[in-house]
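Reader: Could you walk me through reading this structure, feature by feature? I'd like to start with the overall layout.

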Amino acid sequence: MTRLGHLMRKEFLELRQDPKLFGIVIVAPILQLTMLGYAATTDVKNVPMVVVDEDRSVESRELISRFDASANFVVVASATSIDEVNAYLDHGRAWVALDIPADYSERIRRGEQAALQVVADGSDANSTNVALGYAGSLVAGYAREVAAAHGRGQPLPLVGADVRVWFNPRLESRDFMIPGILALLLLVVTTNLSSMAIVREKELGTLEQLAVTPLARWELITGKLLPYAVLGMIDVLLVVSVALLWFEVPLRGSFALLLAMCAVYLLSTLGLGLFVSTISSTQQQAMITTSFFFLLPMVFLAGFIFPIENMPDAIQPLTYLIPLRYFLVILRGIFLKGVGLETLWPEALALFAWGAIVLLLATLRSSKRLG
Amino acid sequence: MRKIRAIGVKELRQIVRDRARLVILIFVPALLLLLYGYALNFDIRDIRLAVKDQDRSTESRELISAFVNSGYFQLIAVVERDEAIVRLIDRNEVRAALVIPPRFGRDASTGRRTTVQVIINGDNANTATTVMAYALTLVSSMSARYEVQARLGSPAGPALVLEPRVWYNPELRSALFLVPGLIAYILMITAVVSTALSIVREKEMGTMEQVRMSPIGPLAYVVGKSVPYFVISLLSCIGIVLLAMALFGLPMRGSWAMLVLAISLFLVGTLALGLLISTLAETQQVAFQIALLMSYLPTLMLSGFIFPITSMPPFLQVVTYVVPARYFLVALRAIVLKGVGIEVFWPDLLALVVFAALTLSLASLRLKREWA
């Protein structure tokens with residue numbers, strides 16, 4: 001036990017000697033979460049729109065002002081003919097164009113159907129889809145008003161839909177994304193720390209010195225793990241505070257459970273790093289392995305931005321290999337749904353097992369002999 | 001020039017000797033694109049639905065089958081009680097629930113207003129917005145049918161119809177939008193990862209002293225270091241683009257020369273960024289940490305890859321100007337999807353040139369100070 005204590009003391013001393021690293025590990029996650037938290041919105045706002053008003057009537061201006069007044073669209077320009085729209089879309093100065101036909105007001109007054117044309121830039125398919133949806137419901141609602149004002153039909157549909165969105169009634173994508181960013185930041189920072197831990201000593205030749213000490217393999221791994229775990233938990237507290245106090249993400253579940261689960265998660269991220277560190281012979285190898293084979297899959301396949309249920313059936317089973325997948329379900333469960341272990345135990349168990357297995361592998365692989 | 005070549009040849013020898021690294025730098029990017037190109041999409045279908053039908057009439061069954069037949073919803077469970085809905089949503093077994101009130105059929109067919117309830121799991125706001133839009137469309141088209149039956153609405157249909165036309169990507173396939181983003185992302189990570197350790201490594205191992213004593217200037221050293229990686233990454237990137245065209249139907253509407261120019265400018269900038277990180281750090285660990293923090297999340301979230309920059313708050317839009325992938329993405333999408341010429345995206349290319357010049361000169365300045 002004293003041997004373990006000495007090793008841990010050595011690790012802490014090394015961390016203290018590298019103030020740059022210490023600063024990065026503490027400051028960068030807070031800074032990044034604060035900025036990225038604002039970026040992570042899939043809501044489509046302020047879509048730049050160009051208007052071709054061929055009618056120039058009170059009615060057409062009324063319709064245009066409806067678009068402009070909504071938070072989703074901003075009318076940036078008006079063109080005289082549909083041919084001019086081309087240039088706006090090519091340059092990306094506008095994403096959508098609304099074309100109001102010359103007989104628009106006449107048809108409205110006569111109670112005939114009028115067709116509005118919307119041209120959209122599909123290169124950002126996701127946003128365009130959402131924007132077209134907004135345009136559709138805006139026009140549908142306005143059409144009902146117009147029809148009711150002319151005594152045809154009622155202002156309200158016969159069958160209404162009462163939509164209730166649970167857990168996130170304002171459909172704030174931030175509340176959903178921030179726990180994810182938090183998890184990824186922890187992953188990046190802690191995996192990096194531990195992935196260099198052993199290979200660094202190999203490359204610098206100091207592992208030889210450790211090899212002649214009576215340190216057991218599990219002691220080497222534990223002694224490397226615990227100091228980083230302490231650092232990781234400091235990071236957890238910092239980023240969780242930013243999420244709760246700065247972004248006011250609701251925490252509906254238990255705070256203690258949240259911290260406990262973060263600790264289990266750190267076990268798997270640090271364990272993963274240590275494992276990479278034991279199988280690499282240079283730090284560069286460790287970096288390439290970590291970034292390509294572990295971090296990139298976690299960013300894309302864990303359900304952080306892209307829902308797993310949308311993925312093809314062949315790829316979905318792969319996601320079970322990713323610890324972040326379980327942690328995201330746990331985090332979102334605790335933050336947004338306020339559920340506890342009674343619902344989350346399968347994920348918690350999987351996460352714990354993942355950490356335990358990878359640590360075991362790291363211990364088995366860490367031969368103290370070189371080469 | 002000879003000095004640059006000497007450094008370049010030395011670096012290339014080191015890369016080639018480390019066979020595994022060479023293979024990774026050339027082939028892994030393509031492999032990643034292959035995997036993620038298939039995995040990632042925003043197209044939402046087969047939304048798992050629970051139904052609580054308190055009416056059990058012809059009309060209520062009609063509404064349920066309208067949901068199922070739309071192709072967007074998949075009926076998972078028919079429940080009797082509200083608690084069952086809570087349990088199903090808590091456990092992620094369903095994403096949405098449809099609650100049909102008693103007397104729904106009688107009200108709808110006799111023209112009395114009635115309301116169905118749609119409950120959506122909002123934990124993923126993006127998916128929830130789409131699910132909501134599908135549900136609202138289905139309910140309102142059923143409503144229109146009953147209005148005509150009850151002689152309330154005009155049989156001619158709604159007074160206004162919207163005719164959408166989508167350019168550049170008429171089927172709104174999310175692959176066409178995501179694949180260019182993925183290309184930029186993978187390129188950025190590969191470039192930064194391959195150079196971030198290259199200088200600091202020599203510092204840590206003590207071989208930097210030898211370079212310092214040689215008659216090679218800092219700029220020649222930095223340029224020489226990046227040339228081999230530039231060639232490797234350029235080849236690998238062109239491979240990725242061809243792969244994307246063959247497998248994901250990525251079109252090529254613009255000019256190849258422009259594409260290669262844009263890729264080259266972006267690569268020089270990102271490789272130089274890696275080198276700059278390498279000159280700033282004292283240990284490989286610090287370099288790795290900075291490289292990761294500067295590339296992984298910022299490129300993912302601030303480049304317009306997934307989240308549109310126009311939707312971000314103004315101060316953050318300013319921050320995105322220092323993310324090089326932002327400019328590359330505009331140029332890449334403009335070339336392959338829109339097929340427009342340089343007159344449209346020259347400001348973005350210019351920004352890439354400025355970024356590359358800035359990082360290269362900062363890296364060599366920093367090295368000069370260290371060597372002095």
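**Domains, helix packing and the chain contact**

Author: Sure, and keep in mind that this is a predicted model. Let's begin with domains: chain B splits into domain 1 (2–40 + 173–371) and domain 2 (47–149). Domain 1 of chain B is written as two stretches, 2–40 and 173–371.

Reader: How is chain A divided into domains?

Author: Chain A has domain 1 (10–40 + 171–365) and domain 2 (47–149).

Reader: What distance separates the centres of domain 1 and domain 2 in chain B, and what distance in chain A?

Author: Over C-alpha atoms, the centres in chain B are 48 Å apart. In chain A, 47 Å separate the centres of domain 1 and domain 2.

Reader: Now helices. At what angle do helix 11 and helix 14 of chain B pack?

Author: A general idea helps here: an angle over 145 degrees counts as roughly antiparallel, and one under 35 as roughly parallel. Helix 11 (residues 256–280) and helix 14 (residues 324–338) of chain B pack at about 170 degrees, with axes 10 Å apart. The two are therefore roughly antiparallel to each other.

Reader: Which residues make that contact?

Author: From helix 11 of chain B, you have Met258(B), Leu259(B), Ala262(B), Phe266(B), Gly269(B) and Thr270(B). Helix 14 of chain B brings Pro324(B), Phe328(B), Ala331(B), Leu332(B) and Ile335(B). Sorted by class, this contact of helix 11 with helix 14 has 9 nonpolar, 2 polar and no charged residues.

Reader: On to the two chains together. How many residues of chain A are in contact with chain B?

Author: 100 residues of chain A are in contact with 101 residues of chain B. Several elements of chain A each supply at least two residues to the side touching chain B, among them helix 2 (19–39), strand 4 (114–121), helix 7 (173–204) and helix 11 (283–301). The largest share of that side, 17 residues, comes from helix 6 of chain A. By class, the side of chain A that touches chain B has 59 nonpolar, 27 polar and 14 charged residues.

Reader: Are helix 11 of chain A and helix 2 of chain B roughly parallel or antiparallel?

Author: Their axes come within 11 Å and cross at roughly 5 degrees, so helix 11 of chain A and helix 2 of chain B are roughly parallel to each other. Helix 11 of chain A contributes Ile288(A), Phe292(A), Leu296(A), Phe300(A) and Leu301(A) to the contact. Among the partners on helix 2 of chain B are Arg21(B), Ile24(B) and Tyr36(B). The contact of these two helices has 10 nonpolar residues, no polar ones and 1 charged.

Notes:
Residues are numbered from 1 along each chain as its sequence is written. Chains are lettered from A and ligands numbered from 1 in the order in which they are written. This is a predicted model: local features need pLDDT of at least 70, side-chain atom pairs count only at pLDDT 80 or more; totals for chains, interfaces and linings use all residues. Domain bounds come from an automatic or database domain assignment. Axes are lines fitted to C-alpha atoms, for helices over the stretch in contact, and angles run from 0 to 180 degrees between N-to-C directions. Helices (H or I, at least four residues) and strands (E, at least two) are DSSP runs, numbered from the N terminus. Angles under 35 degrees count as roughly parallel, over 145 as roughly antiparallel, 65 to 115 as roughly perpendicular and the rest as oblique. Two residues are in contact if their C-beta atoms, placed from the backbone, lie within 7 Å. Ala, Val, Leu, Ile, Met, Phe, Trp, Tyr, Cys and Pro count as nonpolar, Asp, Glu, Lys and Arg as charged, and the others, Gly among them, as polar.
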